[in-house]
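Subject: Structure for your review

Dear colleague,

Please find below the structure that I am handing over to you. My findings follow it, and I would be grateful if you read them with the model open beside you.

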Amino acid sequence: MNQQFELFEIANPCIGVCQSNKKGYCFGCLRSRNERQLWHGMTTEQRREVLRLVSGRKLRIEQMKQRKGEQLGLGFDFDEVVEMNELF
């Protein structure tokens with residue numbers, strides 16, 4: 001199987017928040033403790049998988065915000081802190 005040549009390294013998704021919930025997921029980048037610690041030693045494929053997982057986590061957070069807004073009969077409040085402990 002041919003490997004695709006990577007022109008650019010996959011950037012670290014850290015945004016400098018670096019605070020975790022009780023389960024170890026970062027509030028800033030949504031990576032697990034293990035994903036953050038091992039990032040620099042990961043292959044390109046492993047990094048892509050982490051970013052895929054992060055994307056799913058973001059989607060679940062947005063869905064939770066939407067459901068909460070619908071239940072309250074309100075619009076979105078993006079300044080609101082969302083409790084992420086129950087998401088992952």
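Two residues are said to be in contact when heavy atoms of theirs lie within 4.5 Å. Please keep in mind that this is a predicted model.

With that meaning of contact, and leaving aside neighbours within four places in sequence, L51 touches I10, P13 and W39. L51 belongs to helix α2, which covers residues 44-72. Is L51 buried, partly exposed or exposed? Its relative accessible area is 30%, and buried means under 20% while exposed means over 50%, so L51 counts as partly exposed. L51 and E35 are separated by 16 residues in sequence, and their C-alpha atoms are 9.9 Å apart in space.

W39 appears again in another finding: the charged end of R31 sits over the ring of W39, at 5.3 Å from the centre of that ring. A search for aromatic pairs through the whole structure, however, returned 0.

On the surface, I15, V17 and F27 make a nonpolar patch of about 270 Å². F27 is located in the segment before α1 (33-38), and F27 is partly exposed, at a relative accessible area of 35%.

As for the chain as a whole, its secondary structure consists of 2 helices and 0 strands. The chain has 88 residues, of which 30% count as buried. Its accessible surface is about 6900 Å², and carbon and sulfur atoms account for 52% of that area. Among contacts in the chain with a separation of 6 or more, 43% are between residues 24 or more positions apart.

Yours sincerely

Notes
Residues numbered from 1 in each chain as written. Predicted model: local features only at pLDDT ≥ 70, side-chain atom pairs only at ≥ 80, totals over all residues. Heavy atoms only, no water. Phe/Tyr/Trp six-rings, centres within 6.5 Å; stacked < 30°, edge-to-face > 60°. Lys NZ or Arg CZ within 6 Å of the ring centre and 35° of its normal. Patch = residues over 30% accessible without salt bridge, like charges linked within 9 Å, V, L, I, M, F, W, Y side chains within 5 Å. Areas by Shrake-Rupley, 256 points an atom, 1.4 Å probe, with all protein chains shown as cover. Salt bridge = Lys/Arg side-chain N within 4 Å of Asp/Glu carboxyl O. Helix = DSSP H or I, 4+ residues; strand = E, 2+ residues; numbered from the N terminus. Buried < 20%, exposed > 50% of the residue type's maximum accessible area, 1.4 Å probe, protein only.
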